[in-house]
Amino acid sequence: MTDKLKQMAATKRERVKASLKRRRGKEARFRWYGIISISFAFAFLAVLLVSIVSEGHTAFKTTEVRLDVTLSPSVLGIPAVNPGEQELFSANYRKALRNSLKELFPEVKDRKERRKLYAVISNGAEYDLRDKVLKDPSLVGKTITYWALAGDNFNQFNKGNISAALPEDERQFKNNQIAWFDTLDDEGRVRTVFNTHFFTNGDSRDAELAGIWGATVGSFYTLLVTLMLSFPIGAAAAIYLEEFAPKNRVTEIIEININNLAAVPSIVFGLLGLAVFLNFFDFPRSAPLVGGLVLTLMTLPTIIISSRAAIKAVPPSVRDAALGMGASKMQMVLHHVLPLAMPGMLTGTIIGMAQALGETAPLLMIGMVAFVVDIPGGPMDAATALPVQIYLWAENPEKGFVENTSGAIMVLLAFLAFMNACAVVLRKRLERRW
C-alpha cells in the first residue's frame, strides 16, 4: 500500500512538473510574441519617421540665385526724378529681373527658351525686390547685387530631388536648364539658404513660396476658441456629475452618452457643425470660430472623462475633513477637491487639445479646406488649419509640394510631441500620490 502511494505521489509530481514546464513554455512564448510585436511596431514607426524626414528635411532650405539687377527708371517705368511710393509700388520689377537674366545668357533668343530661362527665378522674386526698393528708394538708378529666390524646378534640382541621370523626357528640368544651372553654379551665383518662407508665408500656388504660417495662425485661433470653451464647460460638467448630481437614471444616461461620444468618429462632429453652426446659425465658413466650436464638441467627452477620474482620485478624507470643519459643499469642492484634482484635469485637457490639433475631417466639413493666402487676423477671418494644409498639399504631385507636405508633417508631429510632453511633465510635477 505504501509503495502504491509513493508511486501515485511520484506520478503526481511528474504531472505537476510537466504542467509547470508547459506553463513556463507558454509564458516564454507569450513574452516573445509581445517583444516581437513591439519590435514590429517600432520598426514600422521608424520606417514612417525616416520616410517623412527624408522627404521633408529639404523643405527647410531653399535656393537663391545672385543677379546684377539694374534698377533704372526707364526699365521700371517710373519717373526719373522723385518717384512717389505708389509709383515705386507698381513699377515693373519683373522686367528688371528678366533683363539681368538675359544679360547672363544673351544666346537665348527663342521665346519658348526664354520662358524656361525666366523660370530660373521664382514669381515671388519681383515682390521681394519691390519691398526692398520701397524700404530704400535710393536704390533706383543703381545696379544692385540681388539674391533672387529660385523657381521650384531650379530649387529641386539644386537640392538633388531631380536627377540629371534620368532621360530628358522623364523630368521637367531639361538639359538646357541644367546647362544654365551649371553656368550659374560655376560663377558662384547659386547658394542654399534656410527657407524662411516656409515658416513666414501663407499658402501659395508656387511651392517655393508656400508656407505654414497662415495655417499655424489658423490652428492657433481654432485651438484658442476650443480651449476657452471646452475646459470650463468640461470641468464644470465633471464637477457636477461627480459631486452634485443625484445618482439616478438620468445621470446614468448622461454618463453613458458621454462615454459613447468619446468613441464617435470625428467627421460626425463636422456634420453637426455644418448643420448647426453654418446652416442654422449662418456663421462664416472657413472661420476658426466655427472650427473651435466643432472641436469643442469633439474634445468635451475626453476632458469630462479625465476630469472625473482626477476628481475621483481625491481621497474621501479630504472631503470629510473640509465638511467637518464647517465648510459648505461648494466650498469643499472649490477650495479643496478642485485644487487637488486640477493637475489631472489639465493633463486631460492638454491631451484633448493635442487630439484637436491633429484633426482634419471635421474641419473639412465646415469649409476650412479653402485656399487661403492671407494670414488670418482673428477668429472670424477665413483660415485653414495645419492638418488641412497638409491635406491640401498632399494632393499636389509637384515635387516641391511633396517636400512641403512632409516638412509640415514634421512640424505638426513636433507640436503634438511637445503637447504630450507637457502633459507628462505637468502630471509628474503637480500630481500628488495618496
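**Note on helix packing and selected residues**

1. Helix H10 (residues 213–244) packs against helix H17 (residues 386–394) at an angle of about 145 degrees, and the two axes lie 8 Å apart. On the H10 side, Ala215, Thr216 and Ser219 make the contact, and they meet Leu386, Pro387 and Gln389 of H17. The residues of this contact divide into 3 nonpolar and 3 polar, with no charged residue. The reader should keep in mind that this is a predicted model.

2. The general composition may be stated next. The protein has 18 helices and 3 strands. Of its 434 residues, 40% count as buried.

3. The overall dimensions deserve a separate point. For a compact globule of 434 residues, a radius of gyration near 22 Å would be expected, but the protein has 32 Å. Taken along the principal axes, the box filled by the C-alpha atoms is roughly 115 × 70 × 40 Å. As for contacts between residues at least 6 apart in sequence, 76% of them join residues at least 24 apart.

4. How do helices H11 and H13 cross? The axes of H11 (residues 249–261) and H13 (residues 288–312) come within 8 Å, and their crossing angle is roughly 120 degrees. This angle falls outside the ranges for roughly parallel, roughly antiparallel and roughly perpendicular pairs, and H11 and H13 are therefore oblique to each other. The crossing of H11 and H13 is left-handed. In the contact, Glu255, Ile258, Asn259 and Leu261 of H11 meet Pro301, Ile304, Ile305 and Arg308 of H13. By class, these residues comprise 5 nonpolar, 1 polar and 2 charged.

5. Helix H13 also packs against helix H12 (residues 266–280), at an angle of about 130 degrees and with the axes 9 Å apart. H12 and H13 are therefore oblique to each other, and their crossing is right-handed. From H12, the contact involves Ser266, Phe269, Gly270, Leu272, Gly273, Phe277 and Leu278, while H13 contributes Val290, Leu293, Val294, Leu297 and Met298. The contact of H12 with H13 has 9 nonpolar residues, 3 polar residues and no charged residues.

6. The loop between H12 and H13 holds two residues that merit attention. Asp282 is found in this loop, and so is Ser286. Asp282 is not a glycine, yet it has a positive phi of about 60 degrees. Ser286 is likewise not a glycine and has a positive phi of about 60 degrees. Is each of them buried or exposed? Asp282 counts as exposed because its relative accessibility is 62%, which lies over the 50% limit. Ser286 is buried, because its relative accessible area is 5%, under the 20% limit.

7. Leu412 has its place in helix H18 (residues 399–430). Its relative accessibility is 11%, so Leu412 counts as buried. Which residues does Leu412 contact, leaving aside its neighbours within four places in sequence? They are Leu357, Leu386, Pro387 and Ile390. Leu386 and Pro387 also appear in the contact of H17 with H10. In addition, Leu412 and Gly358 are 54 residues apart along the chain, while their C-alpha atoms are separated by 7.7 Å.

8. Ser406 is also located in helix H18. With a relative accessible area of 10%, Ser406 is buried. When neighbours within four places in sequence are set aside, Ser406 is in contact with Ile52, Glu55 and Gly56.

9. Met228 belongs to helix H10, the helix that packs against H17. Is Met228 buried or exposed? Met228 is exposed, because its relative accessible area is 58%. Along the sequence, Met228 and Gly292 are 64 residues apart, whereas in space the C-alpha to C-alpha distance between them is 9.2 Å.

Conventions
Residues are numbered from 1 along each chain as its sequence is written. This is a predicted model: local features need pLDDT of at least 70, side-chain atom pairs count only at pLDDT 80 or more; totals for chains, interfaces and linings use all residues. Side-chain values use heavy atoms; hydrogens and water are left out. Axes are lines fitted to C-alpha atoms, for helices over the stretch in contact, and angles run from 0 to 180 degrees between N-to-C directions. Helices (H or I, at least four residues) and strands (E, at least two) are DSSP runs, numbered from the N terminus. Angles under 35 degrees count as roughly parallel, over 145 as roughly antiparallel, 65 to 115 as roughly perpendicular and the rest as oblique. A crossing is left-handed if the near helix is turned anticlockwise from the far one by less than a right angle, and right-handed if clockwise. Contact means heavy atoms within 4.5 Å. Ala, Val, Leu, Ile, Met, Phe, Trp, Tyr, Cys and Pro count as nonpolar, Asp, Glu, Lys and Arg as charged, and the others, Gly among them, as polar. The radius of gyration is taken over C-alpha atoms; the globule rule is 2.2 Å times the number of residues to the power 0.38. Buried means under 20% relative accessible area, exposed over 50%, partly exposed in between (1.4 Å probe, protein chains only).
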